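Reader: I have just opened this entry and would like to be led through it step by step. Could you take my questions in turn and explain how each answer is reached?

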Amino acid sequence: MNNAYDEIPKYLKQKESNVSKAHKKSKHKHQYAECLIRYKCKWHEKDEISTCLRSYCVICGKIHDRMKNSIVKDYKIKVVTLHGTVYQFISDDDLYEKYHDRLPVFFVDIWNDNYVNLNDENTN
Ligand SMILES: [Zn+2]
């Protein structure tokens, strides 16, 4: 009979099970950092990959809105036309091409996932 596990003090066993559920903990102040979210979408019956600018909690992975002080300065550009001033948003492709090496990139199922997988960070 192996009693090794039973010899571990109770508080240590307790700690062990808490750690595995740590990412679902809600009792922390979310720490948001900017990131790119990539997701699949259907476009003319074809699967395309879209990119959007969001933020995520570095502790639990919760997806949040775009940061106010974004490093993406050309996300929305003011364009003056004959008919007035309009705002043009950066295209998904430009967003990814220009910023994927400066921001963490996460792939999610955007309609179902509220959290990014923190182990999934694309560091390329
Ligand atoms: Zn959080």
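**Questions on a predicted model**

Author: Let us begin with one residue of this predicted model: I49 lies in strand β2.

Reader: Is I49 buried or exposed, or does it fall in between?

Author: The class depends on the relative accessible area, where buried means under 20% and exposed means over 50%. For I49 this area is 33%, and the residue therefore counts as partly exposed.

Reader: Which residues does I49 touch, leaving aside those up to four places away in sequence?

Author: One of these residues is F107, which is 58 residues away from I49 in sequence, while the two C-alpha atoms are 9.5 Å apart in space. With residues up to four places away left out, the residues that I49 touches are R38, Y39, K40 and F107.

Reader: In what order do the strands of the open sheet stand, and which of them are the edge strands?

Author: The open sheet is formed by 4 strands with mixed pairing, in the order β3-β2-β1-β6. Within this sheet β1 and β2 pair in the antiparallel sense over 12 bridges, and Y32 has C57 in β2 as its bridge partner. A strand at the edge pairs on one side only, and the edge strands are β3 and β6.

Reader: Which residues of helix α2 are buried, and why can they be said to share a side of the helix?

Author: Helix α2 spans residues 92–99, and its buried residues are L95, Y96 and Y99. Because they cover an arc of only 100° around the axis, they are placed on the same side of α2. On the other side of the helix, the exposed residues are D93 and E97. The cover over the buried residues of α2 includes β1, β2 and β6.

Reader: Which residues of the protein hold the zinc ion, and what is the geometry of the site?

Author: The protein donors are H28 through NE2, H30 through ND1, and C57 and C60 through SG, at 2.0 to 2.3 Å from the zinc ion. In sequence these donor residues follow the spacing H-x1-H-x26-C-x2-C. The angles among the 4 donor atoms are 104 to 116°, and the site of the zinc ion is tetrahedral.

Reader: Which parts of the chain are tied together by H30 and C60, and how far apart in sequence are they?

Author: As to their surroundings, H30 is partly exposed with a relative accessible area of 28%, whereas C60 is buried at 4%. H30 lies in the loop between α1 and β1, and C60 lies in the loop between β2 and β3, so the pair ties together parts whose distance in sequence is 30 residues.

Reader: How many residues make up the hairpin that joins β4 to β5?

Author: Strand β4 covers residues 76–81 and strand β5 covers residues 84–89; the two run antiparallel and are joined by 6 bridges. T81 stands opposite G84 in β5. The hairpin joins β4 to β5 through 2 residues.

Reader: Finally, in what order do the helices and strands follow one another along the whole chain?

Author: The protein chain has 2 helices and 6 strands, and of its 124 residues 25% are buried. Among its contacts with a separation of 6 or more, 52% come from residues 24 or more positions apart. Read from the N terminus on, the elements run α-β-β-β-β-β-α-β.

Definitions and conventions
Residues are numbered from 1 along each chain as its sequence is written. This is a predicted model: local features need pLDDT of at least 70, side-chain atom pairs count only at pLDDT 80 or more; totals for chains, interfaces and linings use all residues. Side-chain values use heavy atoms; hydrogens and water are left out. Donors are N, O and S atoms within 2.8 Å of the metal (3.2 Å for Na, K and Ca); water is not among the atoms, so sites may look incomplete. Four donors count as tetrahedral if all angles lie between 85 and 135 degrees; four count as square planar and six as octahedral if opposite donors are over 155 degrees apart and all others between 65 and 115; anything else is irregular. Buried means under 20% relative accessible area, exposed over 50%, partly exposed in between (1.4 Å probe, protein chains only). Two strands pair if DSSP finds at least two bridges between them. Contact means heavy atoms within 4.5 Å. The arc is that of the directions from the helix axis to the C-beta atoms.
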